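This report describes helix packing, sheets, local backbone features and the ligand shell of one structure. The sequence and the model are shown first.

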Amino acid sequence: MAVIGGGVVGLATALSIRRAGFDVMLIDPGSPDERASTATAGIVGCSAVIPWVDDGLWASLPGMLLDRNSPLQLSWRLADGLWPFYRHSRRAGREPDYSNSAAGLASLGLNGYRHWMALLDECEPARSLFSRNGCSFLYTTAAARLADQPNNLVRKQRGMALEQLDAVQTLEKIPQLAKAPCGSVNVVQAGHVADPLLLQQHLLSAFSASGGEVVQASVTDFITERNRIVGLETTAGRQAAGQYVVAAGVASAALARRLGCRVPLLAGYGSGLVLSQCNVKIDAPFLVLDQGFAVVPNRHGLRVAGLVSLGGARRKRQQAMLLRRVGQLFENLQYQSITATTGARALTPDSLPLISRAPGFSNAFFNFGHGHWGLTQAASSAALVVQLLSNDQLDQNIGRYCATRFH
Ligand SMILES: Cc1cc2nc3c(=O)[nH]c(=O)nc-3n(C[C@H](O)[C@H](O)[C@H](O)COP(=O)(O)OP(=O)(O)OC[C@H]3O[C@@H](n4cnc5c(N)ncnc54)[C@H](O)[C@@H]3O)c2cc1C
């Protein structure tokens, strides 16, 4: 088996397949800095059932283009690839497709924590980075609380246990807030990872220790014969395996295209900061949804991550915006140093990843397009890939994630 891509999705996939008894080669150029998996907030499961495109999104875009403080920024360069994405997302944002996406997200997301624990059963250092003590939506305005009500209804319908907290209860939970909030909603079964970069390092070590092979290279092309891939062109020469999984995050669309499969994928750049030795202490993460960022307890201090930029990375601007926002949120915020990372989420029009056979090929599979919730979904997706490879009885809902849905 060859797994292409060593972000959190590729790593979880490679380790799961190896655990299922296959010989596995993981191919990745090796730098974790530009990965979505390193910029990630590290939350497992919170809000993970709400599709990111709804019927109102496109109508609000002109306003966002003009608002420098919007959590979603667009650049004119986006024009490339926007039309097919727009076309599919118009449909995905409406019923019944919207509910189908929510169901597909729930199936991966609400089982995410359980699948992670199963995958890391024999990897205590990685397992110990996970906590499950909830994650809240913090409403800084009454309008934000009101706007999230329909989403909370969807969350409840999909089986999430929610706990409503008023302003006083929220302040008891997060006492260092500078201003009294307008309440919060806690997703009781959500969790988080205390250090997403260390998680990737532990996954890689566990994979190597289990006999997996790591090839430090970029895949540049596929060598095919009829309906089979027979080898890979990489920056470190040719590689060959019996079966292939494309799990290269946002770069997967270009690889899929070389296999004749067009996937309308957009790169949604986001940033993460770690404020080391920070004076603000929180027990559990929270999201400020209307401002598009999350605050998460981290092994080194406080992690602040989020925002979306389409059409280009805008690293400095995003990182400055996150720092400004977290500074406004807490009284007298202090820290010793900042580590900043930016990575691209692979956004599909219907918010669901592609977990399926590659159309037209008998020995190629896709596992990419996890968008906003790839850390949550990585172990669940990996388990589905193992089912596909092993020809086990398939999860009956896997058709939702099929690559041909965009054809
Ligand atoms: C700011 C931010 C906050 C987020 N917060 C959360 C959160 O709280 N919870 C959550 O669940 N998700 C979150 N996400 C989403 C999550 O981080 C991503 O969905 C997930 O990390 C995607 O993982 P990946 O492995 O698919 O992609 P990536 O992490 O981008 O990894 C892709 C890998 O493929 C490799 N690659 C690319 N091209 C090739 C090639 N040609 N050959 C070989 N290798 C290649 C790259 O080197 C890279 O290592 C967040 C994302 C961002 C950006």
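Helix H1 (8-19) and helix H11 (residues 196-209) cross with axes that come within 9 Å, at roughly 25°. The crossing of H1 and H11 is left-handed; a crossing is called left-handed if the near helix is turned anticlockwise from the far one by less than a right angle, and right-handed if clockwise. Axes are lines fitted to C-alpha atoms, for helices over the stretch in contact, and angles run from 0 to 180 degrees between N-to-C directions. H1 and H11 are therefore roughly parallel to each other, given that angles under 35 degrees count as roughly parallel, over 145 as roughly antiparallel, 65 to 115 as roughly perpendicular and the rest as oblique. H1 contributes Val8, Leu11, Ala12, Ala14, Leu15 and Arg18 to the contact, and H11 contributes Gln200, Leu203, Leu204, Ala206 and Phe207. Two residues are in contact if their C-beta atoms, placed from the backbone, lie within 7 Å. By class, the contact of H1 with H11 has nine nonpolar, one polar and one charged residues; Ala, Val, Leu, Ile, Met, Phe, Trp, Tyr, Cys and Pro count as nonpolar, Asp, Glu, Lys and Arg as charged, and the others, Gly among them, as polar.

The model is predicted: local features need pLDDT of at least 70, side-chain atom pairs count only at pLDDT 80 or more, and totals for chains, interfaces and linings use all residues. Residues are numbered from 1 along each chain as its sequence is written. Helices (H or I, at least four residues) and strands (E, at least two) are DSSP runs, numbered from the N terminus.

A second helix pair is formed by helix H6 (residues 112-119) and H14, whose axes come within 7 Å and cross at roughly 65°. H6 and H14 are therefore roughly perpendicular to each other. H6 passes H14 in a left-handed crossing. On the H6 side the contact uses Gly112, His115, Trp116 and Leu119, and on the H14 side Thr376, Gln377, Ala379, Ser380, Ala382 and Ala383. The contact of H6 with H14 divides into five nonpolar, five polar and no charged residues.

Turning to the sheets, one open sheet has six strands in the order E10-E2-E1-E14-E21-E20, with mixed pairing. Two strands pair if DSSP finds at least two bridges between them. Strand E10 (213-216) and strand E20 (354-357) are the edge strands, each pairing on one side only. From one strand to the next the twist averages 15°. E20 and strand E21 (residues 364-368) run antiparallel and are joined by four bridges, and Leu354 has Phe368 in E21 as its bridge partner. H14 packs on this sheet, touching strand E14 (244-246), E20 and E21, and its direction makes about 170° with that of E21.

Another open sheet has three strands, ordered E11-E12-E13, with antiparallel pairing. Strand E11 (219-225) and strand E13 (237-239) stand at the edges, each with a single partner strand, so one side of each is left without a neighbour in the sheet. Here the twist averages 30° from one strand to the next. The two strand pairs are listed below.

| Strand pair | Sense | Bridges | Residues paired |
|---|---|---|---|
| E11 and E12 (residues 228-234) | antiparallel | six | Val219 opposite Thr234; Thr224 opposite Ile229 |
| E12 and E13 | antiparallel | three | Leu232 with Gln239 |

E11 and E12 form a hairpin with two residues between them, and E12 and E13 likewise form a hairpin with two residues between them. Arg226 lies in the loop between E11 and E12. Phi of Arg226 is near 50°, a positive value in a residue other than glycine.

A further local feature is the peptide bond from Glu95 to Pro96, which is cis, with omega near 5°. Pro96 lies in the loop between helix H4 (82-92) and helix H5 (97-109).

The ligand is surrounded by 40 residues, and the closest are Gly5, Gly7, Gly249, Gly270 and Gly374. A residue is near a molecule or strand if its C-beta atom, placed from the backbone, lies within 6 Å of it. Among the elements that give two or more residues to the shell are H1, strand E15 (266-276), strand E18 (301-310), strand E19 (337-347) and helix H14 (374-390). The residues of the shell divide into 18 nonpolar, 19 polar and three charged.
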